[in-house]
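This report walks through selected features of one protein model, with attention to charged pairs, internal space and the surface. Please keep the sequence and the three-dimensional view at hand while reading.

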Amino acid sequence: MRRWQPRWVSRLGERLRLAPLGARLLVASLMLVIVLLPLAGIGLSYNFRQSATASFDSRLESQLNALLAGIQVDNVGQRLQLNRSLGDARFDRVYSGWYWQVSDGGDLTMTSRSLWDQRLPVPGHHEGVNIYEVSGPRDDALRMIERDLRLPGYRDVIHVALAGSTAELDHEVGRFERLLILSLATFGVLLLAGLALQMRWGLAPLRRMSANLRAVEEGESERLDTQLPVELKELALAMNGVLERDRRLIERGRAAAGNLAHALKTPVSVLKTLSERFPEAQRRPINTELTRIDDAVRHHLARASAAGGVAFSGRVAIGDAIAPVVQGLARLAERRGVRFDADIDPRAAARIDPQDIQELTGNLLENALRWASSRVSFTVSQVPQGVRLRIEDDGPGMTRAQGESALARGVRLDARGSGSGLGLSIVEDLMMLYGGTLRLERAALGGLAADVWLPASPVSAQAGSAAGRTSASD
C-alpha cells in the first residue's frame, strides 16, 4: 500500500530529483558542512573545556600543596598556624573569588582574609584529594579542592579546602568558543566556495558537451567534440557513431525516395499516354486515379524529406529559401490577372529544411491563387521565438467546418477543381514535424487566410504533434 505524503513533500521530492547536477552536489556539500562542522565544533569545545578544567584543577592542587606545606602546629601543640604566604594577593582581597580555610572537625581554625565573615561549605568525609563544584560567598560558582590531613603533634585530623572562582575558566572557554565559531564559519564558507569552484571545474566537460549537443541540434556542427575526459570521451564517440549512422540512414532514405519518385514518374507518364487510347468515359477515372497516385507519392516523399530536415537542418533565411517559389508564383499570378503582394522580412530565419519551407509556401500560395478573384497577399515577419507566414486571398473563403475538412488528407472542397486536396494536408504534416501551427480563418480581404507560425528551434515530432497541433478558426 502506497504511503500517503503531503503534496508539498511530493513536489519538493520531484524538484530535488530533477535538480541540476551542480545544484545537487552543492546542496549535498552544504548539508555535509552544516552537519559536520557543528559536530566538530562541539567536539573541539568539549575537549578544550576538559583540558582547561584539568589545567585549572592542577593550579588548585598546586595552591593546596603550598597551603599544606605552610600549616604547622605551635609549640604547645594546641593551635594551628600558617608560616608562609601563598604568594597570591587574591587570597588577601575580600571576596576576590579565591579562598582557603582550615578546620579541625567542626571548628574553624584558620581562613583566608578573602573569605571575610563567610565560610566554604564542607562536604562529607572522603578519602584523598577531592574536587567539587560549590557555591561560595555571594553565590559565586567555585571549584574547590579539599583533603584531610593529620599533622604530627596535633590531636585531631584537620580538613583543608581551597577554592577558586570558575569565572576565569568560563571566560577562557567562552573566548575559545567564540574564536572557534568564527574560525569554523570562515572555514565553512571557504570550503563551500572551494567545493563550488571544484564542481564548476569538474562539470565543465559536461557543460561543453551540452553546448556541443545544442550545436548539433541547431545544425551548426555535425559531430561532438571528443577532446573530453576519458569518462566522457567514450560517450561522445558513441554518440558521434549514432549521429553518423542516422545521417547515413537519412541520406540513404532520401536517395531511395528520390529514386522511387523517378522510378514511378515514367510508368505513370506511360499509363497516362496509354489512357489517351481509351474512350473519354474510361479515360477520365483512369487519369483521376493516376493523379492520386502521383500526389500521394509526392506527399510521402515530402514527409520523408522533412523527417531528416528536423534532425540536422540549420537556421535558414526564409526570404532567400522561398525566393524561387515566390518568383515563379508571381509570374503565374500575373498570367492569371491576379494581383500578388509579397512583404518578406529579410531578418526572418528559422531552423527548417529549405525544401520543406518551399513545399509549405508553394502549397499555400498555389491554393490561394487557385481560389483568389483578383488579389493575394503574402507576408513573412519575425515574431518572438519564431517566424510568421500569412497568406490571404479575396476568394470565397470557407467556414470553420470547411477549414477542418480542408486539413483532412485527400478531401477537396470543390470536386470540380484540379488537384487531389493533399496540399493543406502536407502543410499540416510539416507543422507537426517542426512543432509549428497552422490556422485557417477569415481574411481581411474577404477570402481565406492561412496563418503559419514556425518556432525558431523546432521541438521533437512528439512534442510538435501535441503543442503544435493545427487548428481552424472561424
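Arg375 has a relative accessible area of 27% and is therefore partly exposed. The model in which this value was computed is a predicted one, and the values that follow should be read in that light.

**Salt bridges**

The side chain of Arg375 is engaged in a salt bridge with Asp341, and the closest N and O atoms of the two residues lie 3.2 Å apart. This pair joins distant parts of the chain, since Arg375 belongs to strand E11 whereas Asp341 belongs to strand E9 (residues 339-344), with their positions 34 residues apart in the numbering. Asp341 is likewise counted as partly exposed, because its relative accessibility is 22%, and the cut-off for being buried is under 20%.

Side chains of opposite charge can pair when their charged atoms come close. Over the whole structure, a search finds 16 salt bridges, and three of the pairs are set out in the table below.

| Basic residue | Acidic residue | Closest N and O atoms |
|---|---|---|
| Arg375 | Asp341 | 3.2 Å |
| Arg390 | Asp451 | 2.9 Å |
| Arg439 | Asp451 | 3.8 Å |

Asp451 appears in the table with two partners, Arg390 and Arg439. In the pair formed by Arg390 and Asp451, with closest N and O atoms 2.9 Å apart, the link runs between distant parts of the chain, from Arg390 in strand E12 to Asp451 in strand E14, and the two residues are 61 residues apart. Both Arg390 and Asp451 are buried. In the pair formed by Arg439 and Asp451, with closest N and O atoms 3.8 Å apart, the link again joins distant parts of the chain, here from Arg439 in strand E13 (residues 437-442) to Asp451 in strand E14, at a separation of 12 residues.

How do the accessibilities of these residues compare with the cut-offs? Asp451 counts as buried because its relative accessibility is 3%, whereas Arg439 is partly exposed because its relative accessible area is 30%. These contacts also belong to a wider arrangement, in that Arg388, Arg390, Glu392, Arg439, Glu441 and Asp451 are linked in a network of salt bridges.

**Cavities**

Turning to internal space, the structure holds two cavities of 30 Å³ or more, and the largest cavity has a volume of about 60 Å³. Which residues line the largest cavity? The lining is made up of Leu364, Asn367, Ala368, Ile391, Asp393, Leu424, Leu440, Leu448 and Ala450. By chemical character, these lining residues divide into seven nonpolar, one polar and one charged.

At least two residues of this lining come from each of helix H7 (354-371), strand E12 (386-393) and strand E14 (448-455). Helix H7 gives the most to the lining, with three residues. Strands E12 and E14, which supply lining residues here, are also the strands that carry Arg390 and Asp451 of the salt bridge described above.

Leu364, one of the lining residues, can also be related to Ile426, as the two are 62 residues apart in sequence while their C-alpha atoms are 9.9 Å apart in space. Ile426 lies in helix H9 (residues 423-434), and because its relative accessible area is 2%, Ile426 is buried.

**Surface and loops**

On the surface, a nonpolar patch is formed by Val27, Leu30, Met31, Leu32, Ile34, Val35, Leu36, Leu39 and Ile42, which together have about 850 Å² of accessible area. Leu30, one of the patch residues, is found in helix H2 (residues 21-70), and its relative accessibility of 36% is why Leu30 counts as partly exposed.

Another leucine, Leu206, is placed in helix H3 (residues 167-217) and is partly exposed, because its relative accessibility is 33%. Leu206 and Leu232 are 26 residues apart in sequence, and their C-alpha atoms are 8.0 Å apart in space.

Two residues deserve a check of their backbone angles. Tyr95, although not a glycine, has a positive phi of about 55°, and its place is in the loop between strand E2 (80-82) and strand E3 (98-104). Gln385 is also not a glycine and has a positive phi of about 65°; this residue is found in the loop between strand E11 (375-383) and strand E12. Gln385 counts as exposed because its relative accessibility is 67%.

How values were computed. Residues are numbered from 1 along each chain as its sequence is written. This is a predicted model: local features need pLDDT of at least 70, side-chain atom pairs count only at pLDDT 80 or more; totals for chains, interfaces and linings use all residues. Side-chain values use heavy atoms; hydrogens and water are left out. On a 1 Å grid over the protein atoms alone, a cavity is a set of points where a 1.4 Å probe fits but cannot get out, and a pocket is an open set with protein on both sides within 12 Å along at least five of seven lines; lining residues have an atom within 4 Å of a point. Grid points are joined across faces, edges and corners, and a volume is the space filled by probe spheres set on the points. Helices (H or I, at least four residues) and strands (E, at least two) are DSSP runs, numbered from the N terminus. Ala, Val, Leu, Ile, Met, Phe, Trp, Tyr, Cys and Pro count as nonpolar, Asp, Glu, Lys and Arg as charged, and the others, Gly among them, as polar. Patches are made of residues with over 30% relative accessible area and no salt bridge: like charges are joined within 9 Å, nonpolar side chains (Val, Leu, Ile, Met, Phe, Trp, Tyr) within 5 Å. Accessible areas come from the Shrake-Rupley method with a 1.4 Å probe; for residues, only the protein chains shown count as cover. A salt bridge is a side-chain nitrogen of Lys or Arg within 4 Å of a carboxyl oxygen of Asp or Glu. Buried means under 20% relative accessible area, exposed over 50%, partly exposed in between (1.4 Å probe, protein chains only).
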